[in-house]
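Please open the structure in your viewer and keep the selection panel at hand. The tour goes from one selection to the next and says what is found at each stop.

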Amino acid sequence: MNAPVDVSFFHRDAKPLTSYRPYWAKRFGPAPFLPMSRAEMEQLGWDSCDIVLVTGDAYVDHPSFGMSVIGRVLEAQGFRVGIIAQPDWQSAEAFKALGRPNLFWGVTAGNMDSMINRYTADRKIRSDDAYTPGDVGGKRPDRAAIVYSQRCREAYKDVPIVLGGIEGSLRRIAHYDYWSDKVRRSIVVDSKCDILLYGNAERALVEVAHRIAAREPVEHITDVRGTAFIRRASEEGWFEVDSTTVDEPGVVEPHINPYMTTSEQAEAQGQVCSKEEGQEKGMSPQGGTSVSDVQPIRFVPNLSLRAKGKQPPRDRTVIRLPSYEQVKSDPILYAHANRVLHLETNPGNARALVQAHGEGSIARDVWLNPPPIPLTTAEMDWVFGLPYARSPHPSYADENGSHDGATKIPAWEMIRTSVNIMRGCFGGCTFCSITEHEGRIIQSRSEDSIIQEVEDIRDKVKGFTGTISDLGGPTANMYRLGCKSPEIEAACRKPSCVFPGICQNLHTDHGPLIKIYRRARKLPGIKKILIGSGLRYDLAVKSPEYVKELVQHHVGGYLKIAPEHTEAGPLSKMMKPGIGSYDRFKQLFEKFSEEAGKKQYLIPYFIAAHPGTSDEDMMNLAIWLKKNGFRADQVQTFYPSPMATATAMYHSGRNTLTKVRRQMRDADEESVDIVRGEKRRRLHKAFLRYHDPNNWPVLREALKAMGRADLIGNGKHHLIPTFQPLVDGSYQSARKKNSTSAKGGAAGVGYTVNKDGKAVAVRRRSQDEGGLEPQGDVRFRSTQPQPGKLLTQHTGLPPRAGIRSGAKGAGKSGFKSAKPQGPSSRKPR
């Protein structure tokens, strides 16, 4: 059955985005591009901007770029909005380019966390930035949201700062920071912003903007969902609950006997009190507490009591997390706080959270209101239907007036002909930050809205060739999927709707998505519609009709999916399905490809070094890869992003998917194997690229230490050979050398391993000398291309027309025939 539209519990009390009275500047109308200079403001007839947005990305006026969406939403509400993109942060001068904002600054680091954008998973600086013209790196500072906020304050001290974006969302409470290897304070404290909007913030931002425009002080705006701010005094009328009553992180301390003196209490705990009872501060001469120090205690019912009327009202309950100082010094309390935060993410039942930062006179609380109410389908249509130019700002054009030359913005190039059809993800993968930012409730656009955008791309995008690169979102096939019952959806506290299995209350009807696919590809001028977003294959197998539609009409030869691993240990920590789901999808994929008479291939992606992954798990994955003929070109290594559940595991060594305890009852269930250090992380990556000669020395050493030397040899059943080519230890993408050489390669030197386990140098003949030279029982493989044979040992791409395949190491896995795999720049879900 089709999912009903907009009947969710969450939509009952939310004020529609289009119901606000427009601000007086609505009379100016929409701008072709939001202005980035005074000259552009003058052309629009503006004397000032009401709101100035500061972003770490180049300004691309497209609905896939968050700051463009925010700017157009605010413009539609009647505000004059300017943008300062990638400013020079060395001083405040660049932040004065558009003058003083009349209402507030809007600050974001961009579409990515600035640290993830700047550094690799090995903490090495990237040389590129896909959100910058020319793919140039270094155009934004580290921790950009903090730096931009400081410069905004320097430029115009009295203008409120509203912080947003994914960097703000993922750092809204005290969080583990992978790059400094410590727990950092909430970004609300470090940035000194006036208010933080987390998640997709259209609803919260529109309300905050209109209230600031109505002269309401920003410090009084404390009741908007999806916001965080600093509060120095307790709020009246709220019931405060200690987070340990929600999830107990340690041993419960026994209650103190109120009739015992201080000395007796210390003696009972095996300690000695150094002060006399009568001299104890706050004690009366009789040994009791003075009346002046007595504080009233407000008892809160036990939250485990679920009977009606036993709990305080959830909308007036705030949960106090351990303070920043506590979670900074205690990884177990950090894991506990992270677990509680993830339990309070359902907009239907989430409670407010509060976390203390500082002590004594500098103490203040970071207060987080419950998550924002998801947008309705009508609101989603309105947001995506705003007048986007769908191209980069004209200031980025090259000397030919084009955006396709030296100033090309790779991130725009990737999505210029794609359509975002939904938001949110209920998969709950622990390594992913989508859920923490967009939430688990799927927010879908209407069919007509999606078709209208496809037509706009066809008619308005310069150079359109007839191919839509994607109809998707965070996950390609979650469109209009959700809970069968609004009441259950509002009460549910599960972190995932599809783990450990698909919830019985989740409907998996792909009918609406199939209908969109069929309607879109029938449009005049549309030649091909591809699906570039990651596919949730455990959902797809529930609808064979969808798989058939996808495989026969919307796959361009390769389809990316992400099993992430094959072993139960790491998969359980990732909250991903077993490899059996992949096998079932593969069967359907191959069946429908054969029916259509097409040669198509699955591209599986895997993660190395994820929490919970042992060396044996990676070895078994490598064996699976070789048996199935996969040779990974791109390797994904676990990247501990702020606030992610897997990051809490990485920092604490505990499984936060279970109850966090200081003293573990079941070490196998609650402890997590953490892959730390460059040596071990490199080993796990090496297992994924078992076919790369650069990795063979590391793998030989590891396999011997693991007692699996039987996997070293020159037979088809071995994982790696005994011989070793001369290598430099580096890695070059196979995509840059996937060509056939006309003449033979040069001679070289390598080594093999003798019976005593010692390396013995051997000489390799050039191909002109006769190719491979036997060395005892070892045949030394040439690393240079041979005539008529493909260099596809990394990607496994299918043979080109007219070229003979079968090169050793190119088309054979050692177990059975290799299946093709190709590179991709976008990671599937």
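The stops below take in a sheet, the nonpolar cores, a helix and a loop residue, and everything described belongs to a predicted model.

Begin with the open sheet of 10 strands, whose order is E3-E1-E4-E5-E8-E9-E13-E12-E11-E10 and whose pairing is mixed. If you select strand E3 (81-85) and strand E10 (239-242), you have the edges of this sheet, where each strand has a single partner, so one side of each is left without a neighbour in the sheet. Averaged over neighbouring strands and with direction ignored, the turn of one strand against the next is 25°.

Staying with the sheet, select strand E5 (residues 161-163) together with strand E8 (residues 195-197), a parallel pair joined by 2 bridges. Within this pair, Leu163 has Leu196 of E8 as its bridge partner. Now add helix H4 (residues 144-155), which packs on the sheet by touching strand E1 (51-55), strand E4 (104-107) and E5, its direction making about 160° with that of E4. Helix H7 (residues 202-213) can be added as well, and you will find that H7 lies across E4, E5, E8 and strand E9 (227-231), running at about 150° to E8.

Next, turn to the largest nonpolar core, which has 73 residues, and select Leu471, Leu535, Phe585 and Phe687, the members that touch the most others. Helix H21 (residues 615-627) is the element that gives the most to this core, contributing 7 residues. Apart from this core lies another, of 39 residues, which includes Leu74, Leu103, Val224 and Trp412. In soluble globular proteins, nonpolar side chains tend to be buried together.

Centre the view on Leu471 and show its contacts: leaving aside residues up to four places away in sequence, they include Val419, Ile450, Val454, Ile516 and Leu530. Two of these lead on to helix H14, since Ile450 and Val454 are among the buried residues of H14, as are Glu447 and Glu453.

Select the whole of H14 (residues 447-460), where 14 residues reach 20 Å from the first C-alpha to the last, close to the 20 Å expected at 1.5 Å a residue. The buried residues of H14 are covered by elements including helix H11 (377-384), strand E15 (418-420), strand E19 (470-472) and helix H16 (511-521).

For the last stop, select His691, in the loop between helix H24 (678-688) and helix H25 (696-705). Is His691 buried or exposed? With a relative accessible area of 8%, below the 20% cut-off, His691 is buried. A polar atom of the His691 side chain lies 3.4 Å from the backbone oxygen of Ala632.

Conventions
Residues are numbered from 1 along each chain as its sequence is written. This is a predicted model: local features need pLDDT of at least 70, side-chain atom pairs count only at pLDDT 80 or more; totals for chains, interfaces and linings use all residues. Side-chain values use heavy atoms; hydrogens and water are left out. A nonpolar core is a set of buried Ala, Val, Leu, Ile, Met, Phe, Trp, Tyr and Cys residues joined through side-chain atoms within 4.5 Å. Buried means under 20% relative accessible area, exposed over 50%, partly exposed in between (1.4 Å probe, protein chains only). Helices (H or I, at least four residues) and strands (E, at least two) are DSSP runs, numbered from the N terminus. Contact means heavy atoms within 4.5 Å. The expected span of a helix is 1.5 Å times one less than its number of residues. Two strands pair if DSSP finds at least two bridges between them. Axes are lines fitted to C-alpha atoms, for helices over the stretch in contact, and angles run from 0 to 180 degrees between N-to-C directions. A polar contact is a pair of N or O atoms within 3.5 Å; within protein, one must be able to donate a hydrogen and the other to accept it, and residues adjacent in sequence count only if both atoms are side-chain atoms.
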